[in-house]
Amino acid sequence: MSQMSTPLETAHGYSPPSVTQFSVFLTNKVGKLFDLVEAFDGSPTHICALSVHEASDHAVVRIITTSAAEARGILRNQGLPFSERDVLVVELSEKRTLSHMCLCLLGAELSIHFAYPLMMPAGSCSTIALAVDDLTLGGQILRRKEFRLLGEADLQRHN
């Protein structure tokens, strides 16, 4: 009887590094985005990614910060409605390109729901936040393809 080898990395029990994205709901009025970002001025956490999706009467602003706990407190103190979602943050490089990342996820038939870049300090690698159908599977695939996934602690070190 031969024993079957088990893969070193399985979906059971594996959680890829991820970060919390906040989707903040704002009325579509002049100055509301300024009010949101100003609320983070002088706080221990920094906004390191921002994406605005506008509609006629409202906007959804997606943000990633260096501390989800601090951001949650700021948003609550401002009385802003928001939701949370974990996303992957992927570092891109000359060998690990955006098209290569997309191809890897396509090969696993994973859909990318949305993606947007992070604002990293000069000299840092390009970095993208993305939401996929299955965070665990997406993380496993990208790690196997030697992409570097960042967590909140990594974002704190970059700021």
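The legends below describe an overview and five close-up views of one predicted protein model.

Residues are numbered from 1 along each chain as its sequence is written. In this predicted model, local features need pLDDT of at least 70, side-chain atom pairs count only at pLDDT 80 or more, and totals for chains, interfaces and linings use all residues, while side-chain values use heavy atoms, with hydrogens and water left out.

**Figure 1. Overview of the protein chain and its secondary structure.** The chain contains five helices and seven strands; helices (H or I, at least four residues) and strands (E, at least two) are DSSP runs, numbered from the N terminus. Starting at the N terminus, the order of elements is β-α-β-β-α-β-α-β-β-α-β-α. Along the principal axes, the C-alpha atoms occupy a box of roughly 70 × 35 × 30 Å. Of the 159 residues, 40% are buried. Here, buried means under 20% relative accessible area, exposed means over 50%, and partly exposed lies in between (1.4 Å probe, protein chains only). Contacts are counted where heavy atoms lie within 4.5 Å. Among contacts between residues at least 6 apart in sequence, 72% join residues at least 24 apart.

**Figure 2. The two sides of helix α3.** Met101, Cys104 and Leu105 of α3 are buried. Viewed down the helix axis, the buried residues fall within an arc of 95°, and therefore they line one face of α3; the arc is that of the directions from the helix axis to the C-beta atoms. An α-helix has 3.6 residues a turn, so residues three or four places apart point the same way. The cover over the buried residues of α3 includes β4 (82-91), β5, β6 and α4. Ser99, Leu103, Leu106 and Gly107, on the other side of α3, are exposed.

**Figure 3. Two glutamates with positive phi.** Just after α3, glutamate 109 has a positive phi of about 60°, although this residue is not a glycine. Glutamate 109 belongs to the loop between α3 (98-107) and β5, and its relative accessibility of 72% means that it counts as exposed. Glutamate 146, also not a glycine, has a positive phi near 65°. Its place is the loop between α4 (135-144) and β7 (148-150). Glutamate 146 counts as exposed, at 58% relative accessibility.

**Figure 4. Aromatic ring pairs.** Rings of Phe, Tyr and Trp (its six-membered ring) pair if their centres lie within 6.5 Å; planes under 30 degrees apart count as stacked, over 60 as edge-to-face and the rest as tilted. By this rule there are two aromatic pairs. The ring centres of phenylalanine 22 and phenylalanine 82 are 5.7 Å apart and the planes stand at 70°, so this pair is edge-to-face. The pair links distant parts of the chain, 60 residues apart: phenylalanine 22 is in strand β1 (residues 19-27) and phenylalanine 82 is in strand β4. Phenylalanine 22 is buried, at 0% relative accessibility, whereas phenylalanine 82 is partly exposed, at 21% relative accessible area. For phenylalanine 114 and tyrosine 116, the centres are 6.3 Å apart and the planes are at 20°, so the pair is stacked. Phenylalanine 114 and tyrosine 116 are both buried.

**Figure 5. Salt bridges of strand β4 and the network around Arg148.** A salt bridge is a side-chain nitrogen of Lys or Arg within 4 Å of a carboxyl oxygen of Asp or Glu. The whole structure holds five salt bridges. One of these joins the side chains of arginine 72 and glutamate 84 (2.7 Å, N to O). Arginine 72 is in helix α2 (residues 68-77) and glutamate 84 in strand β4, so the pair ties together parts 12 residues apart in sequence. Another salt bridge joins glutamate 91 and arginine 148 (3.0 Å, N to O). Because glutamate 91 lies in strand β4 and arginine 148 in strand β7, this pair ties together parts 57 residues apart in sequence. Glutamate 91 is buried, with a relative accessible area of 15%, while arginine 148 is partly exposed, at 39%. Arginine 148 also meets aspartate 154 in a salt bridge (3.4 Å, N to O), and aspartate 154 is buried, at 13% relative accessible area. Through shared partners, salt bridges join Glu91, Arg148, Asp154 and Arg157 into one network.

**Figure 6. A nonpolar patch on the surface.** Leu33, Leu50, Val52 and Met119 form this patch, with about 310 Å² of accessible area together. Patches are made of residues with over 30% relative accessible area and no salt bridge: like charges are joined within 9 Å, nonpolar side chains (Val, Leu, Ile, Met, Phe, Trp, Tyr) within 5 Å. Accessible areas come from the Shrake-Rupley method with a 1.4 Å probe; for residues, only the protein chains shown count as cover. Methionine 119 lies in the loop between β5 (112-117) and β6 (127-132) and is partly exposed, with a relative accessible area of 46%.
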